[in-house]
Amino acid sequence: MSDASDASGDDGVGVEEMKVRRVAGTGVPVRGDDIDTDQIIPARFLKTTTWEGMDQYAFYDARRDDDGELNDHPFNEYKGANVLVVNDNFGCGSSREHAPRALARWGVEAIVGESFAEIFADNCKSLGIPAATTDPETVEELQSFVEANPSAGIELDVVDEQVTYDGKTVDVDIDEAMHGALVQGIWDTVALLRSNMDAIDETAANLPYVDSRSR
């Protein structure tokens, strides 16, 4: 559970409600380096014009065997989890926003990993999803803990950049720009603009080159 509201498309959500300071829940470990966006959501599912139902396409191929039947992929086994634990260079490949969108729709509210592709991490920031990094040994230990204790709690403290699990607390790193946007509640620029429409209209009305009749 994240200490924030889903501000996307809600005119009434302000900065305070958009602040992401803590994510708590259970983990889902997805092992492997260089898991690209085509593995996260295959290209053939990018035709949709809305994000509805995107959760069913997350790791669509990896979650199925050669006969199309569901296998033991973590996204089949750890339903309800919200903290994704991954390895190195997660989200590499194309810059498709659909990848973090599909993860978010599935239920992912935070990701902890060794490293992330830059554009993928930026897309996560735009959705209010913290992407925290730590060393390979810590990731391995966290993944193994989740596999042995799938219902155990995990908490990501976004403010202090720490992950707590199994009675221990470890330090993680969150990119400075991401950290500031999440903690200050300014990650969703569209919602931020909508929440300040009065100020926008006032500014526009005072601009000599804006004809109010065309708005």
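Is Asp 61 buried, partly exposed or exposed? At 40% relative accessibility, Asp 61 counts as partly exposed; buried means under 20% relative accessible area, exposed over 50%, and partly exposed in between (1.4 Å probe, protein chains only).

Before selecting anything else, note that this is a predicted model, where local features need pLDDT of at least 70 and side-chain atom pairs count only at pLDDT 80 or more, while totals for chains, interfaces and linings use all residues. Residues are numbered from 1 along each chain as its sequence is written, and side-chain values use heavy atoms, with hydrogens and water left out.

Now add Arg 44 to your selection. Its side chain meets that of Asp 61 in a salt bridge (2.6 Å, N to O); the term stands for a side-chain nitrogen of Lys or Arg within 4 Å of a carboxyl oxygen of Asp or Glu. Arg 44 is partly exposed too, at 44%. The structure holds nine salt bridges.

Next, select Arg 31 and Glu 147. Their closest N and O atoms are 2.8 Å apart in another salt bridge. Add Glu 140 to see a network of salt bridges linking Arg 31, Glu 140 and Glu 147.

Finally, head inside. The largest nonpolar core (buried Ala, Val, Leu, Ile, Met, Phe, Trp, Tyr and Cys residues joined through side-chain atoms within 4.5 Å) has 55 residues. Phe 120 is among those with the most contacts inside it. Leaving aside neighbours within four places in sequence, Phe 120 is in contact (heavy atoms within 4.5 Å) with residues including Thr 37, Phe 90 and Leu 103.
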